Amino acid sequence: MAETVAEPLVKLRGIAKKFGPFVALNGVDMDIYPGEVHALLGDNGAGKSTLIKILSGVHQPSAGEIIVDEKPVVFRSPRDASAAGIGTVYQDLALNQLMSVSRNFFMGREIFKGPPPFGMMKLKEMDIITHDEMIKIGIDISDPHQAVGTMSGGQRQTLAIARAIYFGAKILILDEPTSALGQKQQMEVLKTIKRVRALGNIAIIFITHNEIHSKLIADRYTFLSLGEVIGSGTRESLDGNDIRRLMAGGAEMADLEMELGKI
Amino acid sequence: MQAERKESDRQVSQGAFRKFIRRPEIGAFSGMVVILLFLAIVAGDVVFNPLGIKNNLSIISQLGIIAIGACLLMIAGEFDLSIGSMIGFAGMSMAMMLKWGLPFGLGEASPFMAFTLTLCMTLFIGWIIGNIVVRSGLSSFIVTLAFLFILRGLTEVSFREFNEGSTQISGLPDFKETDFFAYLFGGETFKWAFTLLYEMGYNLNRLGNQWVIGLDAKVAWWICIAIITYIVLSRTQLGNWIYATGDNKESARANGVPVNQVKIGLFMFTAFCATVFAACQVFDTNTADAAKGNLKELEAIAAAVVGGTVMTGGFGSIVGVIFGAVIFGLVQNSVFYISWIDGSYYRVFLGTVLLIAAFANENIRKRITGGI
């Protein structure tokens, strides 16, 4: 079994979160390595969303600590998390449909000269950077002035990912990037994720429902169920049956088949 | 084997002409051309003589000033229905200071002081409106509708209080003759063009002297505001923020755009436009009336829509609004020159144009957001 030599970029230790009497997360440990795709799997309500919201600074954990580069950190806001290099690409992608690709790429972080907010944008430079950054992860947009609303779902994902990386994300959280896409678009997104992985220095947390997608690209797995980790390991240490069983929240497929058979 | 087709190949690149006719302003531009041609045919001698040009541009530019304010705010996703009442309020405030001096007995008011103090007040009111809208999350339609009533009421009350029950002030001194600052708003501009016309023999009155001296100063204000806002909207960081705010507020905020400040700033900008409108009127005519600016907010919004601004925000252009203001101003003013048309048909016509424009804008928006 080939163990990764590198140190984890992010370590989660005993992360717990309570919303009033409801225990959303109950002591979650997770190690995230650079240059790897870490699949975070689990059923609806398993606590995946709560976990990534804690990582991206939206929620604060009730207990436990987040360690980035060997240093414990506290995120009071999404801004703190993004300053620490955590970039989250949510399902809505935070893109504006009526605006052009390069205006979206630099939205809120424009390159300009002169006194803000009246500084003149360097539109040429912004177009070129947008184009280059998207080519790096595999999409050649012919026209950076094209409105985002005219792009396909896969292209939009790529734009959001390229933007997060360009603005310094070392840990990229992708929240179900393949849901709500067609088959071919899903493959495009998986290719994009592979290319980001190939950059080598970026850790990717890939949240998904889809067993096949996770098998195609993940190096490491963490399975959540009812707020706890019920299994984790590298691609080599888990076989297909384990993955299927853990995705179903620990239920054995054979048991399920039996239960179904009884009806 | 067939060459591999990529996704980006589906975005067909278009020639210059196709790109030109797909611009958002093209509808307003063609409408303007049609109206100009129509007027040239049926009433060219009155509409396009020097006096006609002066009068038309006067109406067009005063509408144009507030339409630009309304347009920027609409791009950011909000409305301002208080523009008209703000015009009345600002006019009243300036005229009262000019007539009775500064508040709290601070002595005579120069045109500069009257304008500056009034601008401070209107910007403050714009700031309050903006804050109420962004903090309460109420629709700007309702908040500014409330201020439409509040400001108009305050204007009338203040007038009656100081002016022996009258809601008009007339017979102010003719400041534009003696004061440069007043001349900036009430004076004349582009005199050289009319002198040139006179020398070429086109600008003569019955006695053979020069007929029209120049255009109203508000034309120059309109042009300046249009150029500045054009640059701000299309080239600056703030312009990107304005589009982002109106398109999708949440994603703009997630990317660090100060959405609330953008909106508050634009409510203050519409207040600024209304104040400039009022100053041009006060210093040009030396009068003020509590009813000034009535319904102007709706005309401003209509001109912005005719100019291609999308009602739901995120899309629009200054060039389009310029065309929109020309269409509105021309029709409003010129139909009265045509003897065989009942002047009130202009409202019917404008209503129809507005509806067509709104359909066209929605179509553009759907074409973009519908995507593939």
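The following exchange examines how several descriptions of this predicted model are justified.

Trainee: What makes B:Phe180 count as exposed?

Mentor: B:Phe180 has 11 C-beta neighbours inside 10 Å. A residue is exposed if 12 or fewer other C-beta atoms lie within 10 Å of its own, so B:Phe180 counts as exposed. This residue has its place in helix α8 (residues 180-186) of chain B.

Trainee: How far is B:Phe180 from B:Val310 in sequence and in space?

Mentor: They are 130 residues apart in sequence, and their C-alpha atoms are 40 Å apart.

Trainee: How do you know that β9 and β10 of chain A pair?

Mentor: Two strands pair if DSSP finds at least two bridges between them. Five bridges join β9 (residues 171-175) to β10 (residues 203-208) in chain A, so the criterion of at least two is met. The two strands run parallel, and the bridge partner of A:Ile171 in β10(A) is A:Ala203.

Trainee: Which helix of chain A packs on the sheet by touching β3, β11 and β12?

Mentor: That is helix α8 (residues 240-247) of chain A, whose direction makes about 30° with that of β11(A).

Trainee: What is the strand order of the open sheet in chain A, and why do β6 and β12 stand at its edges?

Mentor: Six strands form the sheet in the order β6-β9-β10-β3-β11-β12, with mixed pairing. In chain A, β6 (86-89) and β12 (228-234) each have a single partner strand, so one side of each is left without a neighbour in the sheet. From one strand to the next, the twist averages 15°.

Technical notes: Residues numbered from 1 in each chain as written. Chains lettered and ligands numbered in written order. Predicted model: local features only at pLDDT ≥ 70, side-chain atom pairs only at ≥ 80, totals over all residues. Helix = DSSP H or I, 4+ residues; strand = E, 2+ residues; numbered from the N terminus. Axes fitted to C-alpha atoms, helices over the stretch in contact; angles between N-to-C directions. Contact = placed C-beta atoms within 7 Å. Buried ≥ 20, exposed ≤ 12 C-beta atoms within 10 Å, placed from the backbone.
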